[in-house]
Amino acid sequence: MQALLNDIDRNGWGMMLGGCEQGESIRLRNECEKACQEGDFKQAGVGRAERLKIDSEIRKDQILWLLSGPLFPEQEAYQVKLDLLRLALNQRFILGLFDFEGHFALYPEGGFYKPHLDCHGGSNRRVMTVILYLNENWKSGDGGELKLWTTCGKKEGSFVLIEPRIGTLVCFPSADYWHEVLPTVNSRMSITGWFRQRQI
Ligand code: OGA
Ligand code: MN
C-alpha cells in the first residue's frame with residue numbers, strides 16, 4: 001500500500017499489480033459472476049437521480065452496487081480493506097475522505113465508457129476513484145484497457161493504458177483525471193468505487 005501512496009504522491013495517480021491478493025480477487029470475481037447469473041445487474045447510467053439517463057452513446061456496461069452483510073462476505077471483506085486505504089490516504093494527503101461507495105461493473109463484448117471525469121455536476125462528494133480489476137485470463141487483444149490521461153485536468157497529451165488484469169488496483173483523484181474504458185472484445189469485470197468527502 002505504501003508503494004501506491006508513493007506513486008500518488010509522485011505522479012498524482014497510482015497503480016498496483018496485486019493490489020488485492022489473488023485468492024480474495026477470485027472470490028470477488030466469483031461473487032460478481034454469481035450475481036450476474038442471477039440477473040442482479042442493471043444497465044449503468046450517466047448522471048444522478050432525476051438527471052440519470054441511460055446513454056448508450058457514452059457508456060455500455062452493467063453495474064451492481066456493493067453491499068455489506070452476511071450474504072455478501074467477499075464484498076464486505078473488500079470494503080474493510082478499502083477502509084484501510086481510505087485512512088492511509090487521509091493520513092498521508094490530509095484528504096478528509098469520509099466514506100466509500102462502489103459497484104461491480106460488467107462490460108459485455110463491445111462495452112465501453114467514453115472519456116469522462118468521475119464527478120456529477122452540482123454536489124460532488126467523490127474525491128478519489130479506486131478501481132480493482134477481476135479478469136483472470138485477460139490477454140492482449142481482449143480490449144477494455146483503462147486509458148488514463150496522466151496530466152491533471154487534461155484530455156490530451158500523455159496517457160497510460162492499464163490492462164484490467166485480476167488484482168490490479170488503480171487510484172486517482174476523481175475530478176482531475178480524464179479516463180476512458182476502451183471497447184471490450186471479451187467481457188470484462190471490475191469493481192469501481194469512490195472515496196467521498198462529507199456533504200458540505
Ligand atoms: C467508471 C470508470 C473505469 C474502469 O466506472 O467511472 O471509469 O476501468 N471505470 O472500469
Ligand atoms: Mn470513471
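This briefing describes the surroundings of ligand 1 and the helix α3. The structure is a predicted model, in which local features need pLDDT of at least 70 and side-chain atom pairs count only at pLDDT 80 or more, while totals for chains, interfaces and linings use all residues. Residues are numbered from 1 along each chain as its sequence is written, and side-chain values use heavy atoms, with hydrogens and water left out.

**Surroundings of ligand 1**

- Ligand 1 is surrounded by 13 residues (each with a heavy atom within 4 Å of it), and the closest are His 116, Asp 118, Tyr 133, His 179 and Arg 188.
- By class, this shell has 7 nonpolar, 4 polar and 2 charged residues.
- At least two residues of the shell come from each of the strands β6 (112-116), β7 (126-133), β11 (179-181) and β12 (188-196); strands are DSSP runs of E with at least two residues.
- The largest share, 4 residues, is supplied by β12.

**Polar side-chain atoms at ligand 1**

- An oxygen atom of ligand 1 lies 2.7 Å from a polar side-chain atom of Arg 188.
- For His 179 the corresponding distance to an oxygen atom of ligand 1 is 3.0 Å, and for Asp 118 it is 3.1 Å.
- The protein buries 98% of the 290 Å² that ligand 1 exposes when taken alone (Shrake-Rupley method, 1.4 Å probe).

**Helix α3**

- Helix α3 (a DSSP run of H or I, at least four residues) covers residues 73-93.
- Its end C-alpha atoms are 30 Å apart, which agrees with the 30 Å expected for 21 residues at 1.5 Å a residue, taken as 1.5 Å times one less than the number of residues.
- Its buried residues (under 20% relative accessible area, 1.4 Å probe, protein chains only) include Tyr 78, Leu 82, Leu 85 and Leu 89.
- Just after α3, Ile 94 takes a positive phi of about 50°.

Terms used: Chains lettered and ligands numbered in written order. Buried < 20%, exposed > 50% of the residue type's maximum accessible area, 1.4 Å probe, protein only. Polar contact = N/O pair within 3.5 Å; in protein donor to acceptor, adjacent residues only side chain to side chain. Nonpolar A, V, L, I, M, F, W, Y, C, P; charged D, E, K, R; others polar.
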